[in-house]
Amino acid sequence: GAEGQYLRLGGVDQWVMIRGANVGANPILVLLHGGPGISETAYWRYCNSSALEEVYTVVYWDQRGSGKSFDPPNIPEESMTVEQFISDLDELVGVLCKRFNKSAVTLFGHSWGSVLGPLYAARFPDKVQAYVGCGQLGDWTRSEMATYEYALREAERRGWRRAVKKLRRIGPPPHDDAKSLLVQRNALAELDGDVSFKNVLRMIRMFHTVPETSVFEMFRVYKVMSFSLDAMWSKVTKLNLVNSVPELAMPTFFLLGRQDHCVFPAISSEFADAVESPSSKFFGSKSQATCLSWTNRKSSMKRWSTG
C-alpha cells in the first residue's frame, strides 16, 4: 500500500508518505533525511524501498523547509531550530503510533538525520524500538574541519588550483551560510567523482523514475537547501552527540562508508563506539561514501532490517 499527505506538525504542513507491503501490520520505520533541508525521498525510493518496504511500514517525511514541505512564507525562520524539529518528529511519531496501534517506531537517520534521531531517541526512549545511523555524525565541528582539510589537501595534491583558490577564500570552518558550505561540498563532490556525467544521469533517472518526484525538483534543490542551511547550519554544526547522547536505551545499528569524506568513518565510530546501548551492530562498505544509505546497499539494508 501507499499514500501521501500533508500533516500539520508544529503548526506547519509537512509532507509524509507511507508505503509498505503490509502497511500497519509491519513495524514502523521513520526515515530522517539529511541537510538540514535535503529531502532524500527520491534516493531512498529508487534504491532501497524494495528492501525496506518488504518488512517495514516505511515513513518518508520531508522535514519542515525540505522537499514538498518547502513553504518559506509560512515557516518562520525562528522556528528552524533543533528543538522544533525534535517536537515535529514527536508529533509525527504520535500520529503514526496512534493510527497503526503501535507503541514505538524504528528511526533511520542519515547525516543531519543521524543527529536528530539520537537526540529524539535519548529524550523519548519508550517511543523508539531501534535506531539506525548512516553517515553517522558525532562531533560535528570536528567532522566539518576534517572534511575541509581533506578537500584542500587533496585539491593541492592534484594541482586543482581553482578549487584550492576557492577553498582558501572561504577558509576553514565554521561556515555560517549555505554559500560558503557549498563551495567546500562542491569541491569534495568533484574530488570524489560524485558529479561525473554517469552520476548526473543516474540522478536524473532517479527523479524521473520515482513517481512521487519530478526532474524539475532538481532545479530548485539549491534554493530549498539554502533556506534551511542559512537558518540552521551555524547551530547544528556545534552539536556533539558524544557529549550530549552518552546512552541510548534501544538496539543501535550503524552503516559506515569507509571512503566517506563528508563524514569520516572515524567520526562516526567515535560516537558509535562511545554510546551505551543494549546491543550495537556495524555494517561497513569499503567503497561507499555517505551516500551509503541509497547507493547499491540493498544487501546491508536487508541485513539490519531483518535483524
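The legends below accompany close-up views of a predicted model.

**Figure 1. Overview of the predicted protein chain.** The chain contains 12 helices and eight strands, and buried residues account for 54% of its 307 residues. Among contacts with a separation of 6 or more, 77% are made by residues 24 or more positions apart.

**Figure 2. The second largest pocket and its lining.** The second largest pocket encloses about 200 Å³ of space. Its lining is made up of Trp 160, Arg 162, Ala 163, Lys 166, Leu 167, Val 183, Asn 186, Ala 187, Glu 190 and Leu 191, a set that divides into six nonpolar, one polar and three charged residues. Helix H6 (161–170) and helix H7 (178–191) each supply at least two residues of this lining, and H7 gives the most, with five residues.

**Figure 3. Helix H7 and its surroundings.** The 14 residues of H7 should span 20 Å at 1.5 Å a residue, and the C-alpha atoms at the ends of the helix are indeed 20 Å apart, so the expected and modelled spans agree. The buried residues of H7 are Ala 178, Leu 181, Leu 182, Gln 184, Arg 185, Ala 187, Leu 188, Ala 189 and Leu 191, and they pack against H5, H6 and helix H9 (221–236). Ala 187 and Leu 191 also belong to the lining of the second largest pocket. Just after H7, Gly 193 adopts a positive phi of about 75 degrees. In the loop between H6 and H7 lies Pro 174, and the peptide bond that joins Pro 173 to Pro 174 is cis, with omega near 10 degrees.

**Figure 4. Thr 147 in helix H5.** Thr 147 belongs to helix H5 (residues 140–158) and has a relative accessible area of 0%, so this residue is buried. When neighbours within four places in sequence are left aside, Thr 147 is in contact with Gln 184, Arg 185, Leu 188, His 261, Cys 262 and Phe 264. Of these partners, Gln 184, Arg 185 and Leu 188 are among the buried residues of H7.

**Figure 5. Two edge-to-face aromatic pairs.** The structure holds 10 aromatic pairs. In one of them, the ring centres of Trp 44 and Phe 108 lie 6.1 Å apart and the ring planes meet at 85 degrees, so the pair is edge-to-face. This pair links distant parts of the chain, with Trp 44 in helix H1 (residues 41–47) and Phe 108 in strand S5 (residues 105–110), 64 residues apart; Trp 44 and Phe 108 are both buried. Phe 254 and Phe 271 form an aromatic pair that is likewise edge-to-face, with 6.3 Å from centre to centre and 85 degrees between the planes. Here too distant parts of the chain are linked, since Phe 254 lies in strand S7 (residues 252–257) and Phe 271 in helix H11 (residues 265–274), 17 residues apart. Phe 254 and Phe 271 are both buried, and together with Tyr 131 and Phe 282 they form one aromatic cluster.

**Figure 6. Contacts of Leu 119 and Tyr 46 with residues remote in sequence.** Leu 119, in helix H4 (residues 113–123), is buried, with a relative accessible area of 16%. Its C-alpha atom is separated by 6.8 Å from that of Val 245, although the two residues are 126 residues apart along the chain. Not counting residues up to four places away in sequence, Leu 119 touches Val 82, Ile 86, Leu 239, Leu 241, Ser 244 and Val 245. Tyr 46, in helix H1, is partly exposed, with a relative accessible area of 27%. With the same exclusion of residues up to four places away, Tyr 46 touches Arg 205, Met 206, Thr 209 and Val 210, while Tyr 46 and Met 203, 157 residues apart in sequence, are 9.8 Å apart from C-alpha to C-alpha.

**Figure 7. Backbone geometry in three loops.** The peptide bond from Gly 35 to Pro 36 is cis, with omega near 5 degrees, and Pro 36 sits in the loop between strand S3 (28–32) and H1. Asn 101, in the loop between helix H3 (82–100) and S5, has a positive phi of about 55 degrees although it is not a glycine, and at 71% relative accessibility this residue counts as exposed. Ser 111, in the loop between S5 and H4, also has a positive phi, near 55 degrees, in a residue other than glycine, but Ser 111 is buried, with a relative accessible area of 16%.

Note on methods:
Residues are numbered from 1 along each chain as its sequence is written. This is a predicted model: local features need pLDDT of at least 70, side-chain atom pairs count only at pLDDT 80 or more; totals for chains, interfaces and linings use all residues. Side-chain values use heavy atoms; hydrogens and water are left out. On a 1 Å grid over the protein atoms alone, a cavity is a set of points where a 1.4 Å probe fits but cannot get out, and a pocket is an open set with protein on both sides within 12 Å along at least five of seven lines; lining residues have an atom within 4 Å of a point. Grid points are joined across faces, edges and corners, and a volume is the space filled by probe spheres set on the points. Helices (H or I, at least four residues) and strands (E, at least two) are DSSP runs, numbered from the N terminus. Ala, Val, Leu, Ile, Met, Phe, Trp, Tyr, Cys and Pro count as nonpolar, Asp, Glu, Lys and Arg as charged, and the others, Gly among them, as polar. Buried means under 20% relative accessible area, exposed over 50%, partly exposed in between (1.4 Å probe, protein chains only). Contact means heavy atoms within 4.5 Å. The expected span of a helix is 1.5 Å times one less than its number of residues. Rings of Phe, Tyr and Trp (its six-membered ring) pair if their centres lie within 6.5 Å; planes under 30 degrees apart count as stacked, over 60 as edge-to-face and the rest as tilted.
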